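Subject: The structure I promised, with notes

Hi,

Here is the structure we talked about, ready for you to open in your viewer. My notes follow below it.

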Amino acid sequence: MTDLDTLMNSRHSRHPSIDRAASFAERLGLRVPVMLAPMAGACPPSLSIAVCEAGGLGACGALLMSPEEIQRWAGDVRAQTGGPFQMNIWVPDPEPPRDAEQESRLRQFLHPWQLAMEECAPHAGRGEGRAAVVLNFDEQCEAMLATEPAAISSIMGLFPEAMVADMKRRGIVWMATATTVAEAVTAVHAGADVIVAQGMEAGGHRGSFVAAEAEQSLVGLMSLLPAIVDEVDVPVVATGGIADARGAAAALLLGASAVQLGTGFLRTTESSISPAWAQAIARTRPEDTVATRSFTGRLGRAVRNRYLESAMGADAPSPAPFPVQSRLTQGMRQAATRADNIDAMQAWAGQSARLSRAVPAAQIVDELWQGMQTLLG
Ligand SMILES: Cc1cc2nc3c(=O)[nH]c(=O)nc-3n(C[C@H](O)[C@H](O)[C@H](O)COP(=O)(O)O)c2cc1C
């Protein structure tokens, strides 16, 4: 008998939040209501396999992956576990306006940073990086559908109607990330089966539907979660700043049906991030992360480092919109990662970074669920 069976069959009084989470988990084929957050570039198969084997939901952040890479990821996970996982992708923004003068100022500003990072990584070669892959959203969606995941999640907007219809036909749950009550309501009207409420504490990019409005809608999970729960009639998953059982239990009390952790899994044994990033997360206090556009042009929360101090300074040129800024900083970011140099590394992290632990992912999942049940009685 699984943990969940025991819980579902228990006749003793238990908190209604635990009941809600247990039945949501059952619906998704999970043993525990804990989900790995989709993280583009930071979701190796090993991490999902570990989370799935512990009874949680695995995740693939497919933003930067070709259709072949998406297929391979799913194959690698399925070779090691029968557990369910979600696929995830950003809904593309409209093409941004271009400003040649601003881009030239940015190039000048970024040049010394890139050189400095390349000097720290002498064997990598100047200007060398991953060959540019042209990705096509429709083809990525096709590939995600073909892997027949339990769920596909969206961020930065809504899936096109045809994609939603295809998911419904195949019985794939649509989990829509929302950063405001208005976004959550719109997503439910468009057919979302589950809302992922992303608090502003979250590491990585903020999922605002309108990129330019992200700073104006920075809502913390404590306010966002109950407000969305009160407004929609679908299950709500809590994400952003949850990294131990205290936060997870609080989220269930506020009405969540499951919790989703990103940064909390980044230091685990099965994670693949660079050593300097993992070490930075371990020492980062809530006030040491910053919401910034200086890496990609989309607002995202990262460990505050020397590059960000400089790029967000009064004298620095303002960032270009996504994806222009992302292309401009790419050389510097790649060189910083190769050099394992935190000074200019794109080290995404949520505000609860310091609660993350360097232990097997299964231990995080187990302790979260045990802790939630203990704290909620
Ligand atoms: C390294 C990193 C990459 C991320 N990439 C994605 C992504 O591709 N798609 C997405 O929906 N969310 C992405 N996110 C956001 C997470 O899905 C989630 O909302 C966030 O990690 C929750 O906050 P936490 O980090 O405090 O747990 C990313 C987060 C991190 C830390």
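Which side chain does a polar contact of 2.8 Å join to that of Asn88? The partner is Ser153. Before going further, please keep in mind that this is a predicted model.

Let me stay with Ser153 for a moment. Ser153 sits in strand β4, which covers residues 151-155. Because its relative accessibility is 2%, under the 20% limit, Ser153 counts as buried. Besides the link to Asn88, the side chain of Ser153 has a polar contact of 2.6 Å with the side chain of Gln86. Leaving out residues up to four places away in sequence, Ser153 touches Pro38, Gln86, Met87, Asn88, Ile89, Phe159 and Met175.

The ligand

Two of those neighbours of Ser153, Pro38 and Asn88, lead us to the ligand. There are 20 residues around the ligand, and Pro38, Asn88, Gly241, Gly262 and Thr263 come nearest. For your setup, these are the polar pairs I would like to pass on:

- Asn88: a polar side-chain atom lies 2.8 Å from a nitrogen atom of the ligand.
- Ala40: a polar backbone atom is 3.1 Å from a nitrogen atom of the ligand.
- Gly203: a backbone N or O atom lies 3.2 Å from an oxygen atom of the ligand.

On its own the ligand has 600 Å² of accessible area, and the protein covers 97% of that. Sorted by class, the shell around the ligand has 10 nonpolar and 10 polar residues, with no charged ones.

The cores

In soluble globular proteins, nonpolar side chains tend to be buried together. Here the largest nonpolar core has 104 residues, and Phe159, Ile195, Phe265 and Tyr307 have the most contacts inside it. Helix α15 (residues 361-376) gives the largest share of this core, with seven residues. Apart from it there is another core, of 13 residues, including Phe24, Val194, Val196 and Ala258.

Phe159 was already on the list of residues that Ser153 touches. As for Tyr307, its contacts are Phe109, Leu110, Trp113, Ser294, Phe295, Gln325, Thr329, Met332, Asp343 and Ala344, again without residues up to four places away in sequence.

Helix α3 (residues 45-53) is another element to look at: Leu47, Ser48, Ile49, Ala50, Val51 and Cys52 are buried there. What do these buried residues of α3 pack against? Their partners are β1 (34-36), β2 (58-61), α4 (67-80), α11 (263-266) and α15. After α3 comes Gly55, which has a positive phi near 100°.

Backbone points to check

Since you will be looking at torsions, here are three further places. Phe322 and Pro323 are joined by a cis peptide bond, with omega about 0°. Pro323 belongs to the loop between α13 (306-311) and α14 (324-339).

The other two are residues that are not glycine and yet have a positive phi: about 50° for Glu148 and about 75° for Met156. Glu148 lies in the loop between α6 (137-146) and β4, whereas Met156 is in the loop between β4 and α7 (161-170). Are they buried or exposed? Glu148 has 57% relative accessibility, over 50%, and so counts as exposed. Met156 has 2% relative accessibility, under 20%, and therefore counts as buried.

Residues far apart along the chain

The loop between α13 and α14 also holds Ala316. With a relative accessible area of 17%, Ala316 is buried. Ala316 and Leu106 are 210 residues apart in sequence, and their C-alpha atoms are 8.3 Å apart in space. Not counting residues up to four places away in sequence, Ala316 touches Phe109, Ser310 and Ala311.

Gln108 is placed in helix α5 (residues 100-120) and is exposed, with a relative accessible area of 59%. Between the C-alpha atoms of Gln108 and Ser310 there are 13 Å, while 202 residues separate the two along the chain.

That is everything from my side for now. Happy to talk it through whenever suits you.

Best wishes

Conventions: Residues numbered from 1 in each chain as written. Predicted model: local features only at pLDDT ≥ 70, side-chain atom pairs only at ≥ 80, totals over all residues. Heavy atoms only, no water. Near = heavy atom within 4 Å. Polar contact = N/O pair within 3.5 Å; in protein donor to acceptor, adjacent residues only side chain to side chain. Areas by Shrake-Rupley, 256 points an atom, 1.4 Å probe, with all protein chains shown as cover. Nonpolar A, V, L, I, M, F, W, Y, C, P; charged D, E, K, R; others polar. Core = buried A, V, L, I, M, F, W, Y, C linked by side-chain atoms within 4.5 Å. Buried < 20%, exposed > 50% of the residue type's maximum accessible area, 1.4 Å probe, protein only. Helix = DSSP H or I, 4+ residues; strand = E, 2+ residues; numbered from the N terminus. Contact = heavy atoms within 4.5 Å.
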